[in-house]
Amino acid sequence: MQEGDAFVVTVNDRVTRATGVTEALGFSEAFRNAHPLGSDTIRAGDTLGLLIYENVEDGLFTGPGVSGAVVEELQVDSSGFIFIPYAGRIRAAGNTPNAVRDVITRRLDEQTPDPQVVVRRLAGDGATVSVVGGASAQGVYPIERSSRMLTSMIAAAGGIAVSPSVALVTVTRGQHVETAYLQDLYTNPHLDIALRDGDTIFIEEDTRGFTVLGATGTQNRVEFDTDIITAIEALAQVGGLNPSLANPTGVFVFRNEPEAVAKAVLGRDDIVGTQRMVYVLDLTAPNGMFQARDFVMRDGDTIFVTEAPVVAFNRAVGVLLGSVTGLVQPVATVNQVSSTF
C-alpha cells in the first residue's frame, strides 16, 4: 500500500529477491586482460644504448677494420619512440630491450647482411606504481618480476593497515578508475590484475553504513563489517531487539529505492524516478526469520523497531496512575490536618 509519498511493502520471498541488489565492484575486461609487464619494460624518458655488429667491412654504421658500432644516449621520447638511422622510428615504451632489438634487427637486415644488435637501458627507473591510503608502507614501487600483479604489489607495500573484510582497492590507470574488494582479489584470481606503469593503488576502508533506531539494544549508525549484510545481521550488531520493549512484528526498513528496483518490487511500470520505500519485517511470521536473514541491507538504510502495544498501554496506565496518586495525596493530607483540631 502507499501512505503519503512512500510505499509500505511487506517483505516476502519475492521482495527479498527483487531488493537483493548489491553494488557491483570489480575490474573491467580491459584491466583483467592486461598482460604482466617484465621488470625490464622500457618507458618514456628512459635512455637506451645500442651496440650494432655488421658482417661487412664497410657497413651502415661501421668502417674498414671495425665490425661494431656503439650508439649511445638514445632517449625514449614522450610518445614512447626512438629514432635510429636506417631503421627509422621505433616504438620502445612498453616493450622490453629484447623486443626492441628484434624490431631493429629486422629493419636493418633489409639493408645490411645479418646484423647483430644489442639493446641496453642506460638510465631510467623502469615502470613504477604508487601505493597510497590504507597501506602499511605507502610509496612508489617498481614493477618487478615478483610484484607484477596487484596482490603481490600490495604485499610489497607491507600489506594493508585496515580490516581485510572491509578493504577496498581502487586502481587508477590514466582516465580510468576501478574498484574491487580486497577479499575478491583472493577468491576470484581473475581480478588480480597485472599492473601498468603509472598506476595508482588506493586502499581504503568501506564507509557504507546503516542507522538503527527504536526498541533495540543500541541506537546508532553502524558501518558494514562485510561486503554484504542482511537485516537479521544488522539487528544482531546492535544487540538485537529489546526484549522488554520491542514489537517483533514491527521491524521497518526505510530506503530510497532506485526506479528499476521499485518497479520490480511493486510490479508496476508507471514508476518514475527514485521511490521512498518502507519495508515491513514480521519476525513472528512462519518465514519471518528466514526473510530477515535474506533481506540485504544497503548503504544509507534506516531500521526502526517499534514498541510492543503493551508497552504503550503500560506507559499510558503509568501516566494515569501517577496523576491519580498526585490527586489523592493532597486529600489525605487535608484529612490528617482536620483530625488534629
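Hi everyone, let's begin with one residue: at 34% relative accessibility, Leu213 counts as partly exposed, where buried means under 20% relative accessible area, exposed over 50%, and partly exposed in between, using a 1.4 Å probe and protein chains only. Before going on, a word on the source: this is a predicted model, where local features need pLDDT of at least 70, side-chain atom pairs count only at pLDDT 80 or more, and totals for chains, interfaces and linings use all residues. Residues are numbered from 1 along each chain as its sequence is written, and side-chain values use heavy atoms, with hydrogens and water left out.

Back to Leu213, which lies in strand β13 (residues 209-214). Together with Phe254 and Phe304, Leu213 forms a nonpolar surface patch with about 240 Å² of accessible area. Patches are made of residues with over 30% relative accessible area and no salt bridge; like charges are joined within 9 Å, and nonpolar side chains (Val, Leu, Ile, Met, Phe, Trp, Tyr) within 5 Å. The areas come from the Shrake-Rupley method with a 1.4 Å probe, and for residues only the protein chains shown count as cover.

Now the whole chain. How many helices and strands does the protein chain have? There are 9 helices and 17 strands; helices (H or I, at least four residues) and strands (E, at least two) are DSSP runs, numbered from the N terminus. Of the 341 residues, 39% count as buried.

Let's look at helix α3 (residues 97-109). Its 13 residues should span 18 Å at 1.5 Å a residue, and the end C-alpha atoms are indeed 18 Å apart; the expected span is 1.5 Å times one less than the number of residues. Which residues of α3 are buried? They are Pro97, Val100, Ile104 and Leu108. Seen down the axis, these buried residues fall within an arc of 65°, so they line one face of the helix; the arc is that of the directions from the helix axis to the C-beta atoms. Here is the handy rule: an α-helix has 3.6 residues a turn, so residues three or four places apart point the same way.

Take Val100 from that face, with a relative accessible area of 1%. Leaving aside neighbours within four places in sequence, Val100 is in contact (heavy atoms within 4.5 Å) with residues including Ile42, Ile82 and Val119. Val100 and Val119 are 19 residues apart along the chain, and their C-alpha atoms are separated by 7.3 Å.

Helix α7 (residues 259-266) has buried residues too: Val261, Ala262 and Val265. Within an arc of 100° down the axis, they line one face of α7. Their cover includes β2, α1, β15 and β16. Just after α7, Gly267 takes a positive phi of about 65°.

Finally, charges. Side chains of opposite charge can pair when their charged atoms come close. The structure holds 12 salt bridges, each being a side-chain nitrogen of Lys or Arg within 4 Å of a carboxyl oxygen of Asp or Glu. One of them joins Arg173 and Asp199, at 2.7 Å from N to O. This pair links distant parts of the chain, 26 residues apart: Arg173 is in strand β10, and Asp199 is in the loop between α5 and β12. Arg173 is buried at 15%, and Asp199 is buried at 1%. There is also a network of salt bridges linking Arg255, Glu257, Arg298 and Asp301. Thanks for listening!
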